[in-house]
Amino acid sequence: MDVVIGLEVHVQLNRLKTKLFCSCPLDYHGREPNTHVCPVCLGLPGAMPVINREAVRSAIKVALALNAEINPVMRFDRKNYFYPDLPKGFQISQYDMPLAWGGYVTIETESGEKRVTLKRIHMEEDPGKLSYKGSITTAKYSLIDYNRSGAPLLEIVTEPVLRSPKEARTFLNTLRIILEYLDVFDGDLEGAMRVDANISIAGGGRVEIKNISSFKGVERALAYEITRQKNLMRRGRKIERETRHFDEANSITVSLRSKEEEQDYRYFPEPDLVPIYTSEFVDDVKDALPEMPWEKRERLIKQYSLSLEKAKILVLDPKMADYFERVAKEIDPRVAASWIVDVLRGELNYRDMSFSEGERRLNSDELVELLTYFLKGRITEKGVVEVIRTKLDHGGSVEEIIQSKGLFSIPQDEIDRLCREAIEKNPKAVEDYRAGKKQAANFLVGYVMKMTEGRADPGETARKIREILEEIS
Ligand code: ZN
Ligand code: MN
């Protein structure tokens with residue numbers, strides 16, 4: 001059956017210092033409710049909004065990176081609706097003269113690259129945050145925190161071109177990476193990206209699922225909707241156009257209301273803000289655009305002779321790519337890449353740890369120190385993994401961990417000496433060996449392993465012991 005999905009993604013420009021139309025600080029996460037507010041973001045009568053210049057710059061940066069066509073003049077409008085998350089009774093948003101039209105994001109799907117086209121990108125203010133004791137459908141009352149009210153948002157609207165829940169998730173992941181590269185967005189902060197997903201199946205009514213706050217949630221909500229709608233259709237029911245809410249805890253969607261029509265919002269130009277001529281920003285912002293993930297990927301392949309696979313993974317997080325480049329200054333880049341991509345990243349994923357958290361626990365200098373020991377043969381591959389795990393879980397210095405866990409390998413002349421000692425002290429085993437009991441050599445290996453507390457390489461030791469035995473016979 002034909003599945004058609006379009007997304008409306010609300011992205012908080014949360015790396016900015018202040019809100020969109022007032023100077024209240026944006027660092028409200030984890031703060032007491034209703035402490036980061038002023039008459040403007042509380043929507044008190046007579047309060048006047050003033051546009052945050054940096055927010056406009058950030059928005060233009062995003063529009064450029066998403067290949068969108070920036071409107072020469074953009075304007076703000078009032079989107080009227082009555083709900084306590086915006087006490088003034090409207091949201092300052094953009095309607096017919098938004099920041100930008102069109103644009104696209106290239107994603108990787110199982111069947112190759114796909115261009116997800118965008119309809120529009122506009123700027124708007126974030127509403128306050130409502131909380132419910134229990135769930136939205138059963139709570140007796142709502143609590144409201146206006147700290148978030150007035151935070152700068154971008155609404156990025158895709159064309160209905162996504163064909164599966166998985167594609168939707170891939171799109172969001174890719175978008176997140178682009179926004180992080182632009183340094184306008186921190187995806188780890190709560191509420192940084194919220195998604196409304198529209199889905200219709202086999203030409204049925206379009207169902208909108210509101211305010212999903214995680215990528216996994218988007219995938220789950222869409223998968224649930226596909227099953228729900230298919231079941232209804234099988235029973236001959238018509239899919240009505242409606243708005244639903246995703247119940248994250250139970251992974252189901254529930255009906256909220258029949259969908260409001262655009263005219264219900266009575267859009268009209270915001271009289272308290274002047275139109276913005278974007279051209280004065282664009283050139284300036286263009287010059288300041290950072291290297292984008294697809295550009296970085298190509299450069300890493302060229303500059304460090306990395307495989308496409310390794311480079312692809314490294315650029316998933318600009319922090320990981322930077323980390324790699326610091327390590328690659330000191331040691332063989334291909335060795336560095338495989339330890340970072342295959343081992344470090346695996347250990348981080350296993351712990352559900354972000355790369356920046358991992359970096360705090362094992363910085364690039366420490367990885368260089370550790371890999372230098374490895375490349376000099378002072379520590380085994382297994383030893384390196386053990387140090388990485390210990391650093392991530394308990395901290396400590398690389399040197400200390402290697403010492404305390406006895407991970408330094410024994411120098412070869414010390415192994416040789418111990419092999420000879422094993423032979424001298426165990427004439428019976430030597431005799432058995434000479435009599436044809438080749439497994440007697442294992443006893444001698446055991447001796448060396450015991451003396452080195454298991455740090456000798458058993459295969460190498462066995463080879464050495466046989467060599468000496470042959471030599472002296
Ligand atoms: Zn304010
Ligand atoms: Mn919106």
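A202 is placed in the loop that runs between β12 (193-201) and β13 (207-212). In this predicted model, the phi angle of A202 is near 45°, a positive value in a residue other than glycine. Most residues other than glycine have a negative phi. A202 is partly exposed, since its relative accessible area is 42%.

A second positive phi belongs to R266, where the angle is near 40°, again in a residue other than glycine. R266 sits in the loop between β15 (252-257) and β16 (268-269). With a relative accessibility of 55%, R266 counts as exposed, because the term applies over 50%.

The two residues are set out below.

| Residue | Phi | Loop | Relative accessible area |
|---|---|---|---|
| A202 | near 45° | between β12 (193-201) and β13 (207-212) | 42%, partly exposed |
| R266 | near 40° | between β15 (252-257) and β16 (268-269) | 55%, exposed |

The model also contains a metal site. The zinc ion (ligand 1) is coordinated through the SG atoms of C22, C24, C38 and C41, at 2.3 to 2.4 Å. Along the chain, the donors of this zinc ion follow the spacing C-x1-C-x13-C-x2-C. The four donor atoms subtend angles of 101 to 114° around the zinc ion (ligand 1), and the arrangement is therefore tetrahedral. For four tetrahedral donors, the ideal angle at a metal is 109.5 degrees. C41, one of the zinc donors, is buried, with a relative accessible area of 3%; the term buried applies because this value is under 20%.

Definitions and conventions. Residues are numbered from 1 along each chain as its sequence is written. Chains are lettered from A and ligands numbered from 1 in the order in which they are written. This is a predicted model: local features need pLDDT of at least 70, side-chain atom pairs count only at pLDDT 80 or more; totals for chains, interfaces and linings use all residues. Side-chain values use heavy atoms; hydrogens and water are left out. Donors are N, O and S atoms within 2.8 Å of the metal (3.2 Å for Na, K and Ca); water is not among the atoms, so sites may look incomplete. Four donors count as tetrahedral if all angles lie between 85 and 135 degrees; four count as square planar and six as octahedral if opposite donors are over 155 degrees apart and all others between 65 and 115; anything else is irregular. Buried means under 20% relative accessible area, exposed over 50%, partly exposed in between (1.4 Å probe, protein chains only). Helices (H or I, at least four residues) and strands (E, at least two) are DSSP runs, numbered from the N terminus.
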